[in-house]
Amino acid sequence: MRSRPLVHVLLALGALGMVAPFIWQFLTSLKTLQHATQVPPTLTPDWRWRNYTQIFELVPFGQQFLNTLIMTGARALGQVLFCSMAAYAFARLRFPGRTLIFGVFLSVLMVPPQLFIIPQYEIIARLGWLNSLPALIVPGLFSAFGTFLLRQFFLGLPVELDEAARLDGANPLRIWWSIMMPLARPGLVALGILTTIWSWNDFFWPLVVNNDPEKMTLSAGLASLQGQFMTDYPVLMAGSLLASLPVIAVFVVMQRQFVQGIAFTGSKG
């Protein structure tokens with residue numbers, strides 16, 4: 001009991017350390033450029049709210065927000081659908097080479113994703129998808145991590161459910177859709193949130209395949225505000241804060257389901 005206040009103090013300090021960058025970002029977004037770049041730095045803002053409207057004048061923020069929203073939603077839906085199908089096959093179905101194929105899937109997690117940039121770019125270019133939404137969406141519709149995450153969840157569900165469904169004449173596709181998917185809702189939510197955060201923050205791939213400002217995502221569009229000789233940091237901070245709010249809101253609303261999904265997923269091996 002005596003250690004409880006100390007634990008609370010440590011947790012408060014940790015929380016402050018996590019929130020401090022956002023506080024600094026918000027205060028900087030309300031400063032003038034001269035005030036934001038002065039040395040030593042100060043916390044006092046100038047309450048320059050015009051920075052939040054200026055971001056819409058410098059880049060097509062609304063269109064880039066829509067592009068990011070479409071890309072993120074499509075990727076999250078695709079991963080939940082395709083990864084759950086693959087995960088169910090690896091967890092429940094018996095077929096030759098299952099263990100070997102799953103091992104190959106896991107080996108992909110050990111390869112730096114930057115190594116796939118060139119072959120992926122070549123495929124997208126040959127398909128004529130450069131500067132388009134499919135170029136942003138298709139490479140992120142499936143992941144080895146999502147397959148592994150949901151496979152662990154499916155392994156934790158009773159096998160008797162499959163057996164009872166087979167006795168009733170259900171095929172594997174029907175079992176996956178009607179029985180496994182509803183029961184795997186916490187794991188699906190966890191994967192959806194992880195994919196949403198990853199896709200919303202994805203920077204390198206959107207920057208490579210789309211160079212038209214109207215086809216860029218927010219991460220790539222905001223990067224274009226960094227000049228070679230000068231960067232308007234208050235405006236950049238304002239845009240970054242606006243771009244961060246949606247994904248923060250999603251996590252705050254869904255955090256209980258996210259934690260529950262991760263906990264259930266790690267309960268079986």
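Trainee: Which residues of α8 are buried?
Mentor: This is a predicted model. Buried here means under 20% relative accessible area. In α8 that cut-off picks out Ala-144, Gly-146, Thr-147, Leu-149, Leu-150, Arg-151, Gln-152, Phe-153 and Phe-154.

Trainee: Is α8 mostly covered or mostly open, and how many of its residues are buried?
Mentor: Take the helix as a whole. It has 12 residues. α8 is mostly covered, with the buried count at 9 of 12.

Trainee: Why does the end-to-end distance of α8 agree with its number of residues?
Mentor: Helix α8 runs over residues 144-155, which is 12 residues. The expected span is 1.5 Å times one less than the number of residues. That predicts 16 Å, and the end C-alpha atoms of α8 agree because they lie 16 Å apart.

Trainee: How many helices and strands does the protein have?
Mentor: Read along the sequence, the pattern is α after α, from start to end. The count is 14 helices and 0 strands.

Trainee: What percentage of the protein's residues count as buried?
Mentor: The chain is now the topic, not α8. The protein has 269 residues. The part that counts as buried is 36%.

Trainee: What share of the contacts between residues at least 6 apart in sequence joins residues at least 24 apart?
Mentor: A contact needs heavy atoms within 4.5 Å. Take those between residues at least 6 apart in sequence. Pairs at least 24 apart make up 74%.

Trainee: How far apart are the mean positions of the positive and negative charges?
Mentor: The protein has 17 positive and 11 negative charges. Each set has its own mean position. The distance between the two is 11 Å.

Methods: Residues numbered from 1 in each chain as written. Predicted model: local features only at pLDDT ≥ 70, side-chain atom pairs only at ≥ 80, totals over all residues. Heavy atoms only, no water. Helix = DSSP H or I, 4+ residues; strand = E, 2+ residues; numbered from the N terminus. Buried < 20%, exposed > 50% of the residue type's maximum accessible area, 1.4 Å probe, protein only. Lys, Arg positive; Asp, Glu negative; His and termini not counted. Charge placed at Lys NZ, Arg CZ, Asp CG, Glu CD.
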